[in-house]
Amino acid sequence: MRILNASGCLDALAAPEVARQLDAFVTKTVTPLPREGSAPPRIAETAHGMLNAIGLANPGRERFLADHLPRLHELGFPLWVSVGGFCADDFAETCSRLSDVEAIELNLSCPNVDEAADSAAEIVAACRASTGLPLYAKLSAAHPDVAEVARAVATAGADGLSLINTLRATALDKHLRPALARGSGGLSGPALKPVALHAVSVCRAATGLPIVGMGGIESGRDALEFAACGADDVALGTVLFGDPGAPARVRAELAAACADAGVATPEDARTLAKSPETGRKVPA
Amino acid sequence: MQSSDSPSRHSVTGSERVGPYTLLRLERGALEPGVPGQFFMLEAPGRLLPRPFSLCLAPPGELVFLVDPVGPGTEALCRLRAGDEIGVLGPLGRGYRLDVERPLLVGGGIGSAPLPYLAEQLGGDPPVVLGFRSAEYAEAAALLPSAEVVIDPVLVTELIEPDCDVFACGPEPMLHAVAGLCPTAQLAWEAPMACGYGACYGCVVEIDGALQRLCLEGPVLDAARVHTHVEAVA
């Protein structure tokens, strides 16, 4: 089981020693044009979670390719590039310009942009035609049937799934005004974990595609639960904010959590969760 | 940030009320106190995210922070008692430049917090002016015994001599007013932060005309970088 960061939750150029603990670093989403992002305040703490409305702040495709990506390559760790856009051609153009990265994650589900995108399957199909690199589709659990979306992107040529993105949410300040300038934001943190586990479970049953599970992972035990539900790899997001040592800590805890659960590897936990003997199947 | 360590654990050595604020004393451990104006992320017990604080005092073996209980995180910090333990990360960000000729320290409310350590590091008992919203809040001026203190509706900016090298920390309107009076002032800015090391992109402030992360660019900023109307005002 590899441990990655959730896109947008770490800047490897600002904190390379944190990124170095990961099995691969996932960039913040790159869009065709530069985006300054949302006005502040952009973040708010909630019960067992937080909201963010960063608004896909990024330098844009050209500056990313000319400046950021070479500097990331110099750091020497495996890279995943998160690609965003507002129509299938946006995504496909960026994919076609990428090489020498381990994978591309298609951000099909940012809750902090209003522009209507093409369907997930259309975007994946366009990207599939433009690159031979592994394509991971990052989906939202806000869809009424995320497994149906998973099947559609699998048919369109996705190589894997990243599950899940934040969920659109609102928090109010003490004056009953929206806590974020944008009004709403994406909910992350432990509050998201049960939603994410369910999405991983049903998408695993629906497609068999490799899954990077994420949403509220704080410990090795949490990571093992994602494995039990069908995740091959996991990504850490909000936990990195309070604990830059989280990747190494979670990796160490994962080994202990496996021992506690009586499994040799995280992958074995999936068998355990579905064991007919225990009768404790993960409901799909 | 060069380290990828988890926040180190630090025992509370004491907690005192200073007006409505709490002076929270932590065992220093292996942490450096850093440059005045830099900040530390303190674990807020029972909360998901740590909170940023500049260092108030650095007596031997301790790191001391002034906490204003304005929400659930800071209230939890104010409830800590000697022997309790929290995670601490820091020092982070860019602090004040100390190589100035005529220092004047300007604080507003909880913005007084970094000034005692700043005064100590500058040495020579630099002049300090502080503004508070009420006499109760002004009890915090005891941390800077030689300070000149005003209480609302008198504004601390009325005490600023324009030729000084101003170090300021306080609410945003005060900082803008200081910047208008002293275009070379160093201002300690504030913003909500989830991480303190550039990961969350939450703490952006308009710096040099663009939204930039305060934790990396600041929190101490030259007035000209944040106050684009300096010339129009002056």
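This report walks through the two domains of chain B and the sheet in domain 2's numbering range, starting with how the model is read. 

This is a predicted model, in which local features need pLDDT of at least 70, side-chain atom pairs count only at pLDDT 80 or more, and totals for chains, interfaces and linings use all residues. Residues are numbered from 1 along each chain as its sequence is written, while chains are lettered from A and ligands numbered from 1 in the order in which they are written.

**Two domains**

Chain B is split into domain 1 (8-92) and domain 2 (103-233), with bounds that come from an automatic or database domain assignment. Their C-alpha centres are 20 Å apart. Across the boundary, 19 residues of domain 1 of chain B contact 22 residues of domain 2 of chain B (contact: C-beta atoms, placed from the backbone, within 7 Å).

Three strands of chain B each supply at least two residues of the side of domain 1 that touches domain 2 (strands are DSSP runs of E, at least two residues, numbered from the N terminus):

| Strand | Residues |
|---|---|
| β3 (chain B) | 39-42 |
| β4 (chain B) | 51-54 |
| β6 (chain B) | 85-92 |

**The sheet**

An open sheet of 6 strands in chain B runs in the order β9-β8-β7-β10-β11-β14, with mixed pairing (two strands pair if DSSP finds at least two bridges between them). Its edge strands, β9 (148-151) and β14 (220-222) of chain B, each pair on one side only. Inside chain B, β10 (residues 165-169) and β11 (residues 186-188) pair in the parallel sense over 3 bridges, and B:Ala168 has B:Leu187 as its bridge partner in β11(B).

Notes:
Helix = DSSP H or I, 4+ residues; strand = E, 2+ residues; numbered from the N terminus. Contact = placed C-beta atoms within 7 Å.
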